[in-house]
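Could you walk me through this structure in the viewer, one selection at a time? I'd like to know what to click next and what is there.

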Amino acid sequence: MLASGRGGQETKRLLLCVLVLAVWEAGNGQVHYSVMEETKHGTFVGRIAQDLGLELAELVPRLFRVVSKGHRDLLEVNLQNGILFVNSRIDREELCGRSAECNIHLEVIVDRPLQVFHVEVEVKDINDNPPVFPATQKKLFISETRALDSHFSLEGASDADIGANALLTYKLSPNEYFSLEVPTNDQVKPLQLVLKKLLDREVASELLLVLQATDGGKPELTGSTELHITVLDVNDNAPMFDKAVHRVKLLENSKNGTLVIRLNASDLDEGSNSHILYSFAADVSSNTEDFFHIDSASGEIKVNGKIDFEETKLWKLQIEAVDKGHPPMFGHCTVLVEILDINDNAPELLVTSLLLSVPEDATLGTVIALISVTDRDAGENGQVTCSLTPHVPFKLVSTFKNYYSLVLDSALDRESVSNYELVVTARDAGSPPLSATASVSVEVADVNDNAPAFAQPEYTVFVKENNPPGCHIFTVSARDADAQENALVSYSLVERRVGERALSSYVSVHAESGKVYALQPLDHEELELLQFQVSARDAGVPPLGSNVTLQVFVLDENDNAPALLPRPGAGGAGGALSELVSRSVGAGHVVAKVRAVDADSGYNAWLSFELQPAAGAARSPFRVALYTGEISTTRPLDEADPPRQRLLVLVKDHGEPALTATATVLLSLVESGQAPKASSRVLAGAAGAETALVDVNVYLIVAICAVSSLLVLTLLLYTALRCSAPPREGACGPGKPTLVCSSAVGSWSYSQQRRQRVCSGEGAPKTDLMAFSPSIPPCSNSGDSGEQQIFGHDVSTVILNVFNAC
C-alpha cells in the first residue's frame, strides 16, 4: 500500500478514480478493462453487461456468472446493474511478479441459450513497493594503499514494481573519500564505489556511509543500506577477474556435478597476498548454495540441486575472490546463468462441466463443458493441441488460446446410447511430445419421444357368460422405450356407448397393471361380442399414447331350459296340446307336433324329444320323433285303444347339465266320419310345411358338415405351424370347439333362431346361427382370460359368417 507523505492525499484520490475503458478488439471480439492494483472493494471496473450486449433484466433468468481460474474472488458483477467491480484486494506483484503484463482472464457464461464471452482485465501497477537492498548493512575492508579511482562493487536494490515505478536512482551520503558510479546502459554491472581521495588509516580507520535508492514512482519511495568501511593497512592489490560479467547457458534438469563455468582471477601481489580463494558473495541469495557449488580453490561452479526452468529462468551469481593477505583483499564478478527449457512438463487439463446431463433432443452446437489447457514449458514445448476420442457425437471447438468448448456435433438417442465416456487428450509440440488425458462423462437425459407400444394391435378374448362380477378376463401390456416417468404407462378405457349403456358399466381396466375386469355378469343371449379399445399413456410431458382393440366373445352356457310353444288355434286345458285323431289312420301317421325353443345356442339349444311312458298303462300306440317333436302312430288304431290318450313328451337340450321341459299332449280318438275337415286340412298343410322344413334342414346339415371338414383341415394346418408356440394362459381359457352335425332324421327347426346383438361399435346387429361352441370351464377371478385365434379370426366368427352366407 502507498505510504503517507507529501503526495498522500493525491495518491488516495488517484486510487479512488477508476481508469477503466471497455473496448472490443477487432481481432477476437474480447472485452478489455484495466484497473489499478490495491483499489478498494467496490471500485467500478466496467459496465460488463452493457459492453457484452446483454439486457439487465435477463442476467438472473439466464444464470449470468463469471468464472476466473485461480482468481475467483478478486472481481465480481452486480446482477442488478451489470457493473463489474473490485471484490477483494488485488496485488499485481502477487499475481504476476515482475511480469510486464498482468491480466485477469474472465469467462462470462449465460444460459438459455448458452453463450460464453471472454473478458480480460489488465491490472496496472502503482508505486506500492519501495526499493529493497539485500542487506541493511554491508561491510567493506579497504586497504589504505588502494590507489585513487579504485572501484568497489556494491549490490544494488530491487523494486517489486515495474516500469517507471521500478526505475531506481542512487545517492551516496556526502563524504570526502568516495563517490558513487551508477551504470547507465548495462544494468547487469553492479554499482561501483569509487575512491576519490587516498585513505589514511591513522586519520580515519572506519567510515560509515549511507547508500540510498529512490524509485521513479509518484510519489517516490526510497530504501537505504549502511556501508561500514574498515580501512586496512598493507595488502594493497585486490584479486582481479578476467571478466566482470560471465554469461553461461545451462539446460534444466542437469545432473548434479555438471560444470557450469570455471572462473579465473589474478592478484598482482606475491606470496600469500596472491593466493586466491573463491566463494559466493555474502549478500548472494540464500538459496543459491542449494543449487550451485563453487570450489574455493579452482573457481569451478557446478550444479548442486535440481535446476528447473519453470521455477527460475535466470540465475545471477555474485562471486567473490579473496586473497590471503593481511588484511585480505577482495575482487568481484557476476555470473549470469541462463536456464534452457526442455520438455519435462506434460500439459494439464481442467474440465468444467456446464451440463450434468444432455437432453437427447438437444440442438447441435450445445456446449457441454469448458476445457482449459496449460503447459509450464516454453516455446514449442508449451504449444498444446487437444483431441477427442473415441468417435462420438461431440467435438472440441477452440474458443480462446488454450481454451476449448465441448459441443454437440450430431443427434443423440438415449434409447441407443445413454452415457458417453469421452477422453480428451492434450499433446504438446515438444520432442519427444508429452500428453495428458482427462475423462469426461456425458449422460444423455431422456425426453418423451417414444409412445407406449402393444405387442399386437388387436386381441381376441373368450369369456363364458354368467361370469362373477369383477372377473379378470384379460391383461393388456404396453412397453415404452423411454425412462423414468416417460416410461411410466397407465391404462384407461376408450369410453363409448354400448347400446343404451356406457362401456364402463361392462368392463374396467386397472390403470397400473393393465388388467381388464368384467364388472357384471355377461349374458350371451344379450351380448355376444363386446369390442372396445384400451388406451396406454405415458407420464411424459407432453404424454404419448397408443390404443389396442379387444374383441370379447361371450360364450354360451346352458342357462335356459327349453320353452314350449303352443300351436296357434290348438285347444287344450292348462297349456296342453289337444288333437283329434281318426281311428282309421295307419302306422306312421303324424297326429301332432310338439314345438319348443331354447334361448341358448349351439349344443345348449339343440333339442331332443322323448315320450314318457304312463305309469301302469299299456304300451302306447304313439311315438315321438327324436329331433322333430312329431308324434306319429306306431301301428293302426283299433277299437281296443282308449278313446282319450294322454301323452307326456320330455323336451331336453344337449347342454351340460341338460335342462328339460315336459309337454302334455291330449289325443281324442274319433271315428273317421267325426274328424273335422278343417282339422284334416290343417294337418295336411302342417305336414306339407314340415316336409319342406325337413328338406331345408337336410341341406343345412350338409352345409355344416362341409364347413366342418374344411375347419378340421384348417385347424390341422394351424396346429402344424404353431406347434412350437407356447400355450396361452387364461382364467376363462377356451377348450376345443365341438361341431354338431346330426345325420338323424330331424332338424334344427326348433333350436333357437333369433336376432343376436353383436356389440362391436360398428354396423347393425347381425343374425347368426351358432353351429358349435367352445367348451370353457367356469370363470375364475384369479386367472387370465382365454384367447383363441385362427390366422387372426375367431373360429366361431368363421362359422357364423358361413351360416350367414348360407
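## A tour, starting at a charged pair

Select E58 to begin. This is a predicted model, and in it E58 is partly exposed because its relative accessible area is 24%. Now add R62 to the selection. E58 and R62 form a salt bridge, with 3.5 Å between the closest N and O atoms. R62 is the buried member, as its relative accessible area is 10%, under the 20% cut-off for buried.

While you have charges on screen, pick E38, R89, D91 and E94 together. Salt bridges link these four residues in a network. Over the whole structure, a search turns up 20 salt bridges. Side chains of opposite charge can pair when their charged atoms come close.

**Next stop: β13**

Select residues 191-195, which make up strand β13. How many of the five residues in this strand are buried? Five of five, so the strand is mostly covered. Turn it to look along the strand: L191, L193 and L195 point one way, Q192 and V194 point the other way, and all are buried.

Now bring in the strands that pair with β13. Add residues 151-154, strand β10, which pairs with β13 in the antiparallel sense over four bridges. For a landmark, click F152, which stands opposite L193 of β13. Then add residues 178-181, strand β12, which is also antiparallel to β13 and joined to it by four bridges. Here the landmark is F178, whose bridge partner in β13 is L195.

Stay with this part of the model and select D149 and K196. The two form a salt bridge, and their closest N and O atoms are 4.0 Å apart. This pair links distant parts of the chain, 47 residues apart: D149 sits in the loop between β9 (137-143) and β10, and K196 in the loop between β13 and β14 (206-214). Buried, exposed or partly exposed: how does D149 count? D149 is partly exposed, because its relative accessibility is 46%. K196 is partly exposed too, with a relative accessible area of 49%.

**On to an open sheet**

Show β26, β32, β31 and β28. These four strands form an open sheet in the order β26-β32-β31-β28, and the pairing is mixed. The edges are β26 (357-359) and β28 (384-389); each has a single partner strand, so one side of each is left without a neighbour in the sheet. Ignoring direction, neighbouring strands in this sheet are turned by 30° against each other on average.

Zoom in on β26 and on β32 (residues 435-445): the two run parallel and are joined by three bridges. To find the pairing, click P359, whose bridge partner in β32 is A445.

Now select D446 and R414, another salt bridge, with the closest N and O atoms 2.9 Å apart. D446 lies in the loop between β32 and β33 (453-454), while R414 lies in the loop between β30 (403-408) and β31 (419-428); the pair links distant parts of the chain, 32 residues apart. R414 counts as buried, since its relative accessibility is 15%.

**Last stop: a nonpolar patch**

Select V712, L713 and L716 and switch on the surface. They make a nonpolar surface patch of about 310 Å². Click L716 and show its helix: this residue is found in α4, residues 677-721. L716 counts as exposed because its relative accessibility is 56%, and the cut-off for exposed is over 50%.

Terms used. Residues numbered from 1 in each chain as written. Predicted model: local features only at pLDDT ≥ 70, side-chain atom pairs only at ≥ 80, totals over all residues. Heavy atoms only, no water. Patch = residues over 30% accessible without salt bridge, like charges linked within 9 Å, V, L, I, M, F, W, Y side chains within 5 Å. Areas by Shrake-Rupley, 256 points an atom, 1.4 Å probe, with all protein chains shown as cover. Salt bridge = Lys/Arg side-chain N within 4 Å of Asp/Glu carboxyl O. Buried < 20%, exposed > 50% of the residue type's maximum accessible area, 1.4 Å probe, protein only. Pairing = 2+ DSSP bridges. Axes fitted to C-alpha atoms, helices over the stretch in contact; angles between N-to-C directions.
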